[in-house]
Amino acid sequence: MIELPLLDERRCSGCGDCVAVCPTDCLTMRGIVPFLIRPADCVSCGLCVLICPSAALSLAEE
Amino acid sequence: MNEEDAKGAPGQQGPDAPRFPRRLAKDFRWQAFFERCAEPVFVLDRRRRLLFVNRAWEMLTGMAKDEAHVLVCRRPRPVSADDPIEEILAHALTPPSEVLRGASGHVRRLLPAPKSVVGASRWWEIEFLPLLQEGEQGGYLIVGRIRPVPAVELIRDHPLSEKLVNLRQRRIERFGMDAWASSLPAMRRLGEQIRLASQVTTPVLIVGEVGSGKQTLARTIHYLSPRRDGACAVLDCQHLPPTVISHLLFGLDRREAGPTGREGLAAVYLREPAFLPRDVQLLLCERIMGGRDARAPEGATGPRIFAGSVMPPAQAVRSGRLLDELACALSALVLEVPPLRERLADLPSLVERLLPRACFGRDTRVTNLRADAWALLRAYSWPGNLRELYNVLRSACAHASGEQICAADLPAELCRAVQREQMAPRTTDKTLPLEQLLEEAERRLIQLALQRARGHKAQKAQAARLLGIPRARLWRRMLALGIADPEQEAGGPAGEDAREE
Amino acid sequence: MQYPQLLVYETDRRLAGLLQRLADKNNWLLREPRQLSAVLRLFDRGGPGLLVLHLSRDLERELAMLEQLSWLHPDAAVVLVADNEQRGLTSLAWDLGVRFVLLPPHTRERLEEIVLHLMKQYQPAMSTNGVGT
């Protein structure tokens, strides 16, 4: 079981910090919201969840 | 005389039975008739060379029949007052593209006053009627009629000075079909769809990723279409107040008593219509399906609708953002723009097109890229598509020292992203290299803190405060991770950095 | 994340005055270039943002600058503030890529509403808390 980031779009402010902090570059901005463009690279470190200022991200089992 | 007979043509009212001409039309000398027409008339052959002009034409243009035969009216580029009179006339009489495809066309052209003639520039309204002979080897004629437009009518309809007309022309020319030229089959198909879309008035839905060129595509279609003289507005449904948008589309807003700004709008590009509130979506749907604005004068149609969306319409409907009816109404003609990563074969021509723009204003003109830079561009996945490509080139041109861009000039994130993609292939037993990940996470956090601290007098000190670590540790880690010191790069305060190892 | 720019180009300081409060509240960099070339330079170096331009008598040069801006910086948004005599230029303004044309009355409310909405696309992080907290 691996965990991938899950986005609550209503909370997302489009700041892009999650993309900036991801150590494996698996997130990218698509329009105003982040998008998991390389899910295979995600290591579930949870930095994106920690850094999100509006608590829009969480780790969920895939 | 022939004219007398022609007067007795059926159409005349009278108590007697309609009289028919004694002689048939084939004896009617058309050329003589045209010759004596009050309006300036001309005829072009399929190579757009002048075949015939009448006396009124000679008087209007000041050019004699014998001189006129050298004119080839194939000059869409605008002219200025300095050009010779032949060029000015050739430009004025150039038929627009729809005429060459068999539709009649109607243009308004501005003739700059030649230096020798004193007086205001002249506006001509020109109607073109193409006529095609039957059969494979059919001949092809274009008949044209000129109507000089008086100044008063001009100011009411078209109050732009010559400079502004040329400005608009320059702007329109940035959206030519050459921007979409490609050898790829998907792009070729898109090119055909562009041409088709420019000939009809149905709404067009353009689907493509962020930065893939949807707006550009809409403008390209509009400026090819017969309504090209009217304006095309981009309305950002996500970032404009909804009242503003419904006002511009439908003229509804009883608060607005003054002028609206929607006059003269021939086309509208709706960026992300799924962001419109439901009632506006419903109104838009009714407008498209109904086809006519009840408030507008008889025969007038509202602006032609273009819409651009990142999500395919079915997905937007499923997510609840887009009304099903509106999705159907907009899907009459759907154009899909491929993302840049599916067009990598076009990269050389795209870069060639974008480079002059990217290095505009710099002292050094960048003309090409070194092989290592090309390799990186080809390997990158371009999530931001063409817009990202342009920004990357702009940043690279700022860093390039000579005429060439090398890999070091490209943004660091791009290089690292490519490296990451080229790392060890994915295995089912994915490794989690702790050291590497921790190092990368630390690097990202330090960079983020430095960015947040930008603008502070002591940037690194502030960043250390944000990170909750002593300054000395921040400096040591920046050195170890190879993070450039932004204060040193900007030539920052000397005192603070004096202690740097 | 950079702070987004809000550029105001006008002959007096009226519009900038109207927008000062909003800019402070949202941490936008409010700048008032006095030359057309400065506008392009600011977009070159300062990153994306919104330009509010009040059309003056020098409108041919100003519109020419807008054409260049839309070509060199397609991400930059423009709000054109025009007077009633200039409303015939609205069509051209749309073609040049402006996001909105504001005709009189030029009230604070209308200006703030448009600017607030358009600036959303450039917003940085909403909180200024420390990293990781």
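## The antiparallel sheet of chain B

In this predicted model, chain B holds an open sheet of five strands, arranged in the order β2-β1-β5-β4-β3 and paired in the antiparallel sense. Its edges are formed by β2 (50-53) and β3 (105-111) of chain B, each of which pairs on one side only. Direction ignored, neighbouring strands of this sheet are turned by 25° against each other on average.

At one of these edges, β3(B) pairs with strand β4 (residues 122-132) of chain B, and the antiparallel pairing of these two strands runs over seven bridges. One residue pair can be named here, since Arg109(B) has Trp124(B) in β4(B) as its bridge partner.

## The parallel sheet of chain B

Chain B also contains an open sheet of five strands with parallel pairing, in which the strand order is β7-β8-β9-β6-β10. The edge positions belong to β7 and β10 (333-336) of chain B, and because each has a single partner strand, one side of each is left without a neighbour in the sheet. The average turn between neighbouring strands of this sheet, with direction ignored, is 20°.

The partner of the edge strand β10(B) is strand β6 (residues 204-207) of chain B, and the two pair in the parallel sense over four bridges. Within this part of the sheet, Ile206(B) stands opposite Leu335(B), a residue of β10(B).

## Chain C and its helix α5

Chain C has five helices and five strands, and read along the sequence they follow the pattern β-α-β-α-β-α-β-α-β-α. Of the 133 residues in chain C, 38% are buried. Among the contacts in chain C with a separation of 6 or more, 66% are between residues 24 or more positions apart.

Helix α5 (residues 108-119) of chain C has twelve residues, and the distance of 16 Å from its first C-alpha to its last is close to the 16 Å expected at 1.5 Å a residue. Which residues of α5(C) are buried? They are Ile114(C), Val115(C), Leu118(C) and Met119(C), and because they cover an arc of only 120° around the axis, they lie on the same side of α5(C). The buried residues of this helix pack against β1 (5-9), α1 (14-26), β3 (49-54), β4 (77-81) and β5 (100-102) of chain C.

## The contact between chains B and C

Chain B gives 34 residues to its contact with chain C, and chain C gives 31 residues. On the side of chain B, the elements that contribute two or more residues are α8 (162-173), β7 (231-236), α19 (434-452) and α20 (459-467); the largest share, six residues, comes from α8(B). The strand β7(B) therefore appears both in this list and at an edge of the parallel sheet of chain B.

Sorted by class, the side of chain B that touches chain C has 19 nonpolar, eight polar and seven charged residues.

## The contact between chains A and B

Where chains A and B touch, 14 residues come from chain A and 13 residues from chain B. The elements of chain A that give two or more residues to this contact are α1 (17-21) and β2 (27-30), and α1(A) gives the most, with three residues. The chain A side divides into eight nonpolar, three polar and three charged residues.

Terms used:
Residues are numbered from 1 along each chain as its sequence is written. Chains are lettered from A and ligands numbered from 1 in the order in which they are written. This is a predicted model: local features need pLDDT of at least 70, side-chain atom pairs count only at pLDDT 80 or more; totals for chains, interfaces and linings use all residues. Two residues are in contact if their C-beta atoms, placed from the backbone, lie within 7 Å. Ala, Val, Leu, Ile, Met, Phe, Trp, Tyr, Cys and Pro count as nonpolar, Asp, Glu, Lys and Arg as charged, and the others, Gly among them, as polar. Two strands pair if DSSP finds at least two bridges between them. Axes are lines fitted to C-alpha atoms, for helices over the stretch in contact, and angles run from 0 to 180 degrees between N-to-C directions. A residue is buried if 20 or more other C-beta atoms lie within 10 Å of its own, exposed if 12 or fewer, and partly exposed in between; C-beta atoms are placed from the backbone. The expected span of a helix is 1.5 Å times one less than its number of residues. The arc is that of the directions from the helix axis to the C-beta atoms.
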